[in-house]
Amino acid sequence: MRYFVLSCTVLIVSFSFGQKNSVDLDPQTKIELATHFLTAQEKEGAKVMAYLEDGSTEILKASEGHLTCVYDDPKKEGIQFVCYHSQLEDFMTRGRVLKAQGVSTIEIRKKRKEEIEAGKLFFPKGQSMMYVFDGKEENIDAETGVVKEGKLRYVIYTPYATQESTGLPLSPSAPGMPWLMDPGTHRAHIMVSPM
């Protein structure tokens, strides 16, 4: 059995920018925002992308590193910066393409499952990490460029894991404790959220 030691932290983030999803934000600022919770070494090696208006993405910083980060989706409520293991790229890209086509979340999950099981869509068999930083849009101070009360959530994909195979509960036993979501499926993952 593998063991995961994770540290959950509530972050206060300060950057100089005008307003959420401003088209005036330069690429370097978007890169800094999308990777602000990573270590200096991980920031250096991360690939960074940003959404375009049609739901597709553009590469802001190319890299062959083990992490891919995506700057905030302008069509989503609040703010969100996501970084994930680069082996999840096919899976994530497929989800973005289907979403841009107007496919529902439930149908996206169904289609990706079918494609993975048919061998048409690559999904890593081992554990894969994803970091999700969320905040409320109203917590952006347009004058100071401070993002307040943001939270960093940890997701560890562990395909087909179950409560029996991990010993994890299927819901958090206490605030901030890890739990297993979607057990027994290709997208089974360990969730760890800050208190």
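These legends go with a set of close-up views of a predicted model.

**View 1. The whole chain, before zooming in.** The protein runs to 195 residues, and buried residues make up 44% of them. Its secondary structure comes to five helices and ten strands. Take the contacts between residues at least 6 apart in sequence: 53% of those join residues at least 24 apart. About 10900 Å² of the protein is exposed, with carbon and sulfur atoms supplying 52% of that area.

**View 2. Phe 91 against Tyr 157, one edge-to-face pair.** The model has eight aromatic pairs in total. In this one, Phe 91 and Tyr 157 sit 6.2 Å apart centre to centre, with 75° between the planes, so the pair clears the over-60 mark for edge-to-face. Phe 91 belongs to helix 3 (residues 89-100) and Tyr 157 to strand 8 (residues 146-157), so this pair ties together parts of the chain 66 residues apart in sequence. Phe 91 has a relative accessible area of 0%, so Phe 91 is buried. Tyr 157 is buried too, with a relative accessible area of 5%.

**View 3. Tyr 157 again, now with Phe 123.** Shift over to Phe 123 and you'll find another edge-to-face pair with Tyr 157: 5.9 Å centre to centre and 85° between the planes. Here the link is between strand 8, home of Tyr 157, and the loop between helix 4 (105-117) and strand 6 (128-135), where Phe 123 lies; the two residues are 34 apart in sequence. Phe 123 and Tyr 157 are both buried.

**View 4. Arg 112 over the ring of Phe 91.** Back to Phe 91, this time for a charge: the charged end of Arg 112 sits over the Phe 91 ring, 3.7 Å from its centre. Phe 91 is also the ring that pairs edge-to-face with Tyr 157.

**View 5. One aromatic cluster.** Which residues form one aromatic cluster? They are Phe 37, Tyr 71, Phe 81, Tyr 131, Phe 133 and Tyr 154.

**View 6. Salt bridges around helix 3.** The structure holds six salt bridges, and two of them are shown here. Glu 89 and Arg 96 meet through their side chains at 2.8 Å, N to O. Is Glu 89 buried or exposed? At a relative accessible area of 14%, Glu 89 is buried, and Arg 96 is buried as well, at 12%. The other bridge joins Arg 94 to Glu 115, with the closest N and O atoms 2.7 Å apart. That pair connects distant parts of the chain, as Arg 94 is in helix 3 and Glu 115 in helix 4, 21 residues apart. Arg 94 is partly exposed, with a relative accessible area of 24%, whereas Glu 115 counts as buried at 17%. The cut-off for buried is under 20%, so Arg 94 and Glu 115 get separate labels.

**View 7. A strand-to-strand salt bridge.** Asp 134 pairs with Arg 153 in a salt bridge whose closest N and O atoms are 2.8 Å apart. Asp 134 is in strand 6 and Arg 153 in strand 8, 19 residues apart, so to speak a link between distant parts of the chain. Asp 134 is partly exposed, with a relative accessible area of 23%. Arg 153 is partly exposed too, at 25%.

Conventions:
Residues numbered from 1 in each chain as written. Predicted model: local features only at pLDDT ≥ 70, side-chain atom pairs only at ≥ 80, totals over all residues. Heavy atoms only, no water. Phe/Tyr/Trp six-rings, centres within 6.5 Å; stacked < 30°, edge-to-face > 60°. Helix = DSSP H or I, 4+ residues; strand = E, 2+ residues; numbered from the N terminus. Buried < 20%, exposed > 50% of the residue type's maximum accessible area, 1.4 Å probe, protein only. Lys NZ or Arg CZ within 6 Å of the ring centre and 35° of its normal. Salt bridge = Lys/Arg side-chain N within 4 Å of Asp/Glu carboxyl O. Contact = heavy atoms within 4.5 Å. Areas by Shrake-Rupley, 256 points an atom, 1.4 Å probe, with all protein chains shown as cover.
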